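Me: Please take a close look at one helix of this model and at what lies around it. I am new to the structure, so some context on the whole chain would help as well.

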Amino acid sequence: MPITVSRSALMLSLLLGVGQAHALETPSPKALATQLGIPHPAVIAHRGASFDAPESTAPAYKLARDLGADYLELDLQRSKDGVLFVLHDDSLLRTTDVATKFPERKDRTANEFTMAELKTLDAGSWFNAAYPERARPSFAGQKILTLDEVIDIAEGNPKQKPGLYIETKEPKLFPGIERDLKDKLQDRGWLSPSGSKLAKRALGVGQGKGKVVLQTFEKSSLELLHKEMPKVPKILLLWVGEGNIEPRSKVTFAESGETDKAAYYAKQEPKDKAEFEQWVRYAKAHGAIGTGPSAALTHGGSQSYSDLVKPWMNQYTHDQGLLIHVYTVDEPVDFTKVLDAGVDGIFTNRASELLKYFKRPVTGSVAQLLEKHGY
Ligand code: G3P
Ligand code: CA
């Protein structure tokens, strides 16, 4: 810190007391987000508009973009032949027909398939079977997307330009993926400073300084992302469990007697306050501009985890000068809960609901926008 700042901090401390001086030095979360070019509060379309269309496929990302979400969220992996692609699970079983197309290799991880093989899979029919009330015949046969294809979608609507919110998924499976990602973003012009051609027209987050946000659960990947892309905003994702925040109780789900994972996770909490705080400090010390904590959802479900957005946690994170983007919240009752607790952005599967909640303009209904693209 330059001496002049230290001196003024000292003067302020003497005049106002240490707490008030610190408050004056730390910009508000909104001011910090604005400086970084990140909307406040930010609407982050988790795996695209994945409530309304199969996660991580073209209809999910086109819908999220056209609805006006600030960011398209994606989980990054690398194929056997080195192509960056987008998929949440490391296994192909849940969201594709791998068991039919490659029965002998169905249990292999996705990175053991070439991109050409991945492209033969149907990544949409599972959605129609799981959610018949939201099914559309055109979802059948949707493909796994490469990162290039998601970038094409982000750039593809002249009136809606979302940013990209990219997670290095299971980065230990993909040595060097942080460098590969940098090369790809650079090639595609997404690392150019704002003011470049891409950033001239203010049509959305994808045109400005905060057009890319990087996210990871892994400390080592945060460090590598920061080394490769020091100027790009980064978020350290938080949850309670192995490899992340140490839990107060070591009782496993199997031992817990709970029948519902959400109920089990809801009881999980950090070992103590110091354990939570040291993760936040680590994030700050290694280049993150914020954290991405989990939420416990009112109605449970498969994306309901430990409540890491308690007001004291958010206060501590803000006091460190960091933003908070919580995952993954889909219902108004929980939007209100997490926003009242102080978060600065929300990962959601239901971008349409969150935009409606914020009374942000949308250009059409989910059905209209999907049908416009022939889905
Ligand atoms: O990236 C934020 C959130 O997506 C983390 O959870 O498992 O859905 O990637 P996950
Ligand atoms: Ca993710």
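Reply: Two residues are in contact when they have heavy atoms within 4.5 Å of each other. The model is a predicted one.

The whole chain comes first. It has 17 helices and 10 strands. Its radius of gyration is 21 Å, close to the 21 Å that the globule rule gives for 375 residues, so the chain is as compact as a globular protein of that length. Along the principal axes, the C-alpha trace spans about 70 × 55 × 40 Å. Of the 375 residues, 51% are buried. Among contacts with a separation of 6 or more, 65% join residues 24 or more positions apart. Carbon and sulfur atoms hold 56% of an accessible surface of about 16,800 Å². The chain carries 48 positive and 48 negative charges, and the mean positions of the two sets are 6 Å apart.

The part chosen for the close look is helix H10, residues 219-228. Which of its residues are buried? They are Ser-221, Leu-222, Leu-225 and Glu-228. Seen down the helix axis they fall within an arc of 135°, so they line one face of H10. The spacing fits a general rule: an α-helix has 3.6 residues a turn, so residues three or four places apart point the same way.

What covers the buried residues of H10 includes three strands, E5 (163-168), E6 (212-216) and E7 (234-238). Two helices, H9 (177-187) and H13 (273-285), also belong to this cover.

One residue of the cover can be followed further. Leu-214 sits in strand E6. It has a relative accessible area of 0%, and a residue counts as buried under 20%, so Leu-214 is buried. Leaving aside residues up to four places away in sequence, Leu-214 touches Leu-225, which is one of the buried residues of H10. The other residues it touches are Ile-166, Leu-181, Met-229, Val-232, Pro-233, Lys-234 and Ile-235. Ile-166 falls within E5, Leu-181 within H9, and Lys-234 and Ile-235 within E7. For a sense of distance, Leu-214 and Tyr-264 are 50 residues apart in sequence, and their C-alpha atoms are 29 Å apart in space.

H10 also has a neighbor at the surface. Lys-172 lies in the loop between E5 and H9. Its relative accessible area is 64%, so Lys-172 is exposed, the cut-off being over 50%. Residues up to four places away in sequence aside, Lys-172 touches Glu-218 and Ser-220. Ser-220 falls within the range of H10. Lys-172 and Asp-90 are 82 residues apart in sequence, with their C-alpha atoms 12 Å apart.

Two other helices can be described in a similar way. In H8 (147-155), the buried residues are Leu-147, Val-150, Ile-151, Ile-153 and Ala-154. They cover an arc of only 160° around the axis, which puts them on the same side of H8. They pack against H4 (58-67), E2 (71-78), E3 (84-86), E4 (145-146), E5 and H9. Both E5 and H9 are also part of what covers H10.

Helix H15 (332-341) has Asp-334, Phe-335, Val-338 and Ala-341 as its buried residues. These fall within an arc of 140° down the axis, so they line one face of H15. Their cover includes H14 (311-319), E9 (323-326), E10 (345-348) and H16 (351-357). Just after H15, Gly-342 takes a positive phi of about 115°.

Some backbone details remain. Two peptide bonds are cis: the one joining His-40 and Pro-41 has omega of about -5°, and the one from Tyr-327 to Thr-328 has omega near -20°. Pro-41 is in the loop between H3 (29-36) and E1 (42-45), while Thr-328 is in the loop between E9 and H15.

Positive phi values also occur at residues that are not glycine. Ser-56 has a phi of about 60° and lies in the loop between E1 and H4. Lys-359 has a phi of about 55° and lies in the loop between H16 and H17 (366-372). Ser-56 is buried, at a relative accessible area of 4%, whereas Lys-359 is exposed at 76%.

How values were computed:
Residues are numbered from 1 along each chain as its sequence is written. Chains are lettered from A and ligands numbered from 1 in the order in which they are written. This is a predicted model: local features need pLDDT of at least 70, side-chain atom pairs count only at pLDDT 80 or more; totals for chains, interfaces and linings use all residues. Side-chain values use heavy atoms; hydrogens and water are left out. Helices (H or I, at least four residues) and strands (E, at least two) are DSSP runs, numbered from the N terminus. The radius of gyration is taken over C-alpha atoms; the globule rule is 2.2 Å times the number of residues to the power 0.38. Buried means under 20% relative accessible area, exposed over 50%, partly exposed in between (1.4 Å probe, protein chains only). Accessible areas come from the Shrake-Rupley method with a 1.4 Å probe; for residues, only the protein chains shown count as cover. Lys and Arg count as positive and Asp and Glu as negative; His and the chain ends are not counted. The place of a charge is taken as NZ of Lys, CZ of Arg, CG of Asp or CD of Glu. The arc is that of the directions from the helix axis to the C-beta atoms.
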